[in-house]
Amino acid sequence: EEEWETEEEVTDDDAKEEEGKAPAPPSKPSAPAPAGSNVVPEWPELLELIASIKASNPDFGQKRIMTAIKTAQPGWSVSEKRLQKAVAELNQSSQKPEAGSCDDGCSENKMKREYPPVTLDEEGRIIGSASHNIDYSFRCWHNALDLTDPAELDRLVRDCRAAFRNKSFWLASNATPRFSLEKLARAVFDLHASDKLREGAYDPARTGVEWWVHFRGPAAKDGEAIGFHWDRDEYYADAMKQYVHPQVGTVTYLSDFGAPTMLIDQVPLPRAGTSTSPRSAWLSHPRLGKHMCFDGRLLHGVPPELMVTHTRKSKYDRITFLVNVWVDHQPVDTEPFPDSDVALFSAEAPRTDFTHLHEAAKVRATSSSKVRGFAFGGEGEEHELWAPVCPAPEPFNDAVAMDFGAKSQARVVRRGGGG
């Protein structure tokens with residue numbers, strides 16, 4: 001049997017930075033998992049601990065709840081998005097009607113009324129997608145943002161920090177962008193969808209972009225990594241047990257530093273006990289002003305193990321502006337940025353130029369390629385990813401297309417979950 005080296009596990013698929021003073025742990029915590037074990041707690045277990053924290057500290061917000069979880073269970077790995085869903089479920093359950101009634105307290109029934117099941121085509125995309133002219137391929141543009149003026153870069157980074165709120169926001173295709181980041185999100189939508197959609201064949205209000213920002217680095221509380229994951233409507237997936245993916249995922253880099261975005265040519269596996277061997281992958285290393293896009297169904301993450309020397313510093317911020325393009329589906333619980341805080345941002349649109357399409361270097365794995373292992377997932381969806389490390393292109397290229405070959409050593413395994 002082949003020996004595969006397992007690297008550090010990365011389980012937090014959408015971690016965000018947190019702040020706040022550490023509170024005392026809840027009075028009746030579960031038995032603590034060993035620190036550093038990166039255990040993804042079962043859903044009922046997580047709900048029980050959060051309920052205990054809220055009972056002892058009813059004024060705690062989500063950031064302080066997260067700190068309390070890490071104090072009580074230092075070995076647990078809990079993403080901010082998962083915490084948000086748990087808190088929302090507990091808040092909803094506290095407002096449910098009495099037993100025997102199944103009105104708005106029944107979240108799944110409510111979801112079915114408000115969001116009827118989405119019909120997917122044989123490719124796992126929202127039905128009707130094939131009628132549009134959307135390009136799902138991996139592509140990169142250099143200097144997509146003109147950030148040669150340090151003052152403009154500083155202004156854009158300040159706006160990103162103001163928008164860094166542990167959640168994503170919605171901008172419909174028929175809405176008017178109000179400030180810098182919404183205008184940048186609209187520019188991304190225009191590039192990937194505006195003239196690609198067949199007129200009259202989509203709902204403009206439910207078509208648009210979901211956008212958010214990430215900050216990573218040695219000083220970030222959650223470190224440098226973003227665990228492997230599939231972008232999807234998280235709330236819809238929980239309630240309807242169905243994966244709905246964006247049409248296109250994008251990353252715009254606002255610094256030169258940090259780990260690359262790694263994309264695996266793999267859609268979600270249907271059920272526990274299944275595995276597959278993807279044959280290709282892509283790397284996109286950070287480069288100031290660069291824009292990258294990919295098929296929104298694909299597995300991706302940010303593994304520090306693949307960081308190259310010149311993108312690593314003792315202190316750095318890896319800053320990215322993320323935009324997912326959706327057609328005929330607005331993710332549940334994703335709303336426009338609040339009007340009350342629009343004044344925090346500059347009104348000026350960042351200067352974009354999507355004419356510098358950059359060609360990726362092509363590399364191929366060999367039988368001697370080192371294989372790295374990553375664990376990811378949660379809520380009964382535990383996965384393993386094993387991926388060979390292809391030789392770096394020479395000269396260096398910040399975009400790399402990797403071929404694992406017909407006898408691919410790469411493997412994606414779904415260990416847990418129904419489906």
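Here are three short exercises on the predicted model shown above.

**Exercise 1: The largest nonpolar core**

Find out how many residues the largest nonpolar core has, and which elements give two or more residues to it.

*Solution.* Start with the count: this core holds 37 residues. Next, look for the residues with the most contacts inside it, which are Leu-181, Trp-211, Leu-254 and Phe-321. Then turn to the elements: helix 5 (150-163), helix 6 (180-194), strand 2 (169-172), strand 3 (208-216) and strand 11 (318-326) each give two or more residues. Helix 6 provides the largest share, with 6 residues. Finally, there is another core that lies apart from this one; it has 21 residues, including Trp-230, Leu-283, Phe-374 and Val-400.

**Exercise 2: The surroundings of Phe-321**

Leaving aside neighbours within four places in sequence, list residues in contact with Phe-321.

*Solution.* Use heavy atoms within 4.5 Å as your cut-off. Working along the chain, you meet Leu-181, Leu-184 and Ala-185, then Trp-211, Trp-212 and Val-213, and last Thr-250, Val-251, Thr-252 and Leu-254.

**Exercise 3: An open sheet**

Work out the order of the 4 strands in the open sheet, and name its edge strands.

*Solution.* Strands of a sheet pair through backbone hydrogen bonds, so follow the pairing from strand to strand. The order is 7-17-15-14, with antiparallel pairing. Strand 7 (274-276) and strand 14 (371-376) each pair on one side only, which makes them the edge strands. Now zoom in on one pair: strand 14 is joined to strand 15 (residues 383-388) by 6 bridges. Here, Val-371 stands opposite Pro-388 of strand 15. As a last step, check the angle: on average, neighbouring strands of this sheet are turned by 10° against each other, direction ignored.

Note on methods. Residues numbered from 1 in each chain as written. Predicted model: local features only at pLDDT ≥ 70, side-chain atom pairs only at ≥ 80, totals over all residues. Heavy atoms only, no water. Core = buried A, V, L, I, M, F, W, Y, C linked by side-chain atoms within 4.5 Å. Buried < 20%, exposed > 50% of the residue type's maximum accessible area, 1.4 Å probe, protein only. Pairing = 2+ DSSP bridges. Axes fitted to C-alpha atoms, helices over the stretch in contact; angles between N-to-C directions.
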